[in-house]
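Colleague: I am new to this structure. Please take me through a single part of it in detail, and begin with a contact between charged side chains.

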Amino acid sequence: MAKKEISEAAQKVAAAEKSKQKKPANPNGNWFVRAGKAIKKFFKDLKGEIKKIVWPDGKTVLKSTLVVIFTVAVIGLAIFAVDWLLTNGLQLLKDAAKNAADGSAETTAAAVEATVAGVINSVGNWVIS
């Protein structure tokens, strides 16, 4: 038993001495050296990627620009039309509710018809011009 205890103690002492030994230096160098190499590699790769870029000619840029402007204009007009219709529809409902509170059903129906006719005429005038 004594031999076993001695061997365990010797192993502990050997392990402690190993842990006290200096760790070997990083084979890649210190932090500054590694950072410098990484930055150099980054710019080398960047230069290679920039060489792969194909720039469009003037005609292509002009066509693409016109397509974008046309698309934005069409979508803008569509949004304007929907907004205008919803605004006039809400105004129509508001007027109908006001007339319903003020007068009889015949008056309300006549007011709704007049308002609808006004909206249709203004839409027709807007589309024509």
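Modeller: Start with D45, which forms a salt bridge with K41. The closest N and O atoms of D45 and K41 are 3.0 Å apart. Keep in mind that this is a predicted model.

Why can these two meet? D45 and K41 are 4 residues apart in helix α2, so about one helical turn separates them. The general rule fits here. An α-helix has 3.6 residues a turn, so residues three or four places apart point the same way. D45 is partly exposed, with a relative accessible area of 40%. K41 is exposed, at 52%. The cut-off for exposed is over 50%, so K41 passes it.

A search of the whole structure finds 2 salt bridges. K52 and E49 form a salt bridge as well. Their closest N and O atoms are 3.3 Å apart. K52 counts as exposed, with 60% relative accessibility. E49 counts as partly exposed, with 46%.

Now look at the helix itself. Helix α2 covers residues 31-51. That makes 21 residues. From its first C-alpha to its last, α2 reaches 31 Å. This is close to the 30 Å expected at 1.5 Å a residue. At the N-terminal end, N30 caps α2. A side-chain oxygen of N30 lies 3.2 Å from the backbone nitrogen of F32.

F32 leads on to the aromatic rings. The whole structure holds 2 aromatic pairs, according to the search. In one of them, W31 pairs with F32. The ring centres of W31 and F32 are 5.2 Å apart, and the planes make an angle of 85°. That pair is edge-to-face. Both W31 and F32 are exposed. F42 and F43 also form an edge-to-face pair. Here the centres lie 5.2 Å apart and the planes stand at 75°. Edge-to-face calls for an angle over 60 degrees, so the F42 and F43 rings qualify. F42 is partly exposed, with a relative accessible area of 48%.

F42 and F43 belong to something else too. Together with I39, L46, I50, I53 and W55, they form a nonpolar patch on the surface. The accessible area of this patch is about 780 Å². One of its members, L46, lies in helix α2. L46 counts as partly exposed, at 36% relative accessibility. A patch residue needs over 30% relative accessible area, so L46 meets that condition.

Last, step back to the chain around this part. The protein chain has 4 helices and 0 strands. Its elements run α-α-α-α from the N terminus on. The protein chain has 129 residues, and 2% of them count as buried. About 11,600 Å² of the chain is exposed. Carbon and sulfur atoms supply 69% of that area.

To return to where we began: the D45 and K41 salt bridge sits within helix α2, across about one helical turn.

Notes: Residues are numbered from 1 along each chain as its sequence is written. This is a predicted model: local features need pLDDT of at least 70, side-chain atom pairs count only at pLDDT 80 or more; totals for chains, interfaces and linings use all residues. Side-chain values use heavy atoms; hydrogens and water are left out. A salt bridge is a side-chain nitrogen of Lys or Arg within 4 Å of a carboxyl oxygen of Asp or Glu. Helices (H or I, at least four residues) and strands (E, at least two) are DSSP runs, numbered from the N terminus. Buried means under 20% relative accessible area, exposed over 50%, partly exposed in between (1.4 Å probe, protein chains only). Rings of Phe, Tyr and Trp (its six-membered ring) pair if their centres lie within 6.5 Å; planes under 30 degrees apart count as stacked, over 60 as edge-to-face and the rest as tilted. The expected span of a helix is 1.5 Å times one less than its number of residues. A polar contact is a pair of N or O atoms within 3.5 Å; within protein, one must be able to donate a hydrogen and the other to accept it, and residues adjacent in sequence count only if both atoms are side-chain atoms. Patches are made of residues with over 30% relative accessible area and no salt bridge: like charges are joined within 9 Å, nonpolar side chains (Val, Leu, Ile, Met, Phe, Trp, Tyr) within 5 Å. Accessible areas come from the Shrake-Rupley method with a 1.4 Å probe; for residues, only the protein chains shown count as cover.
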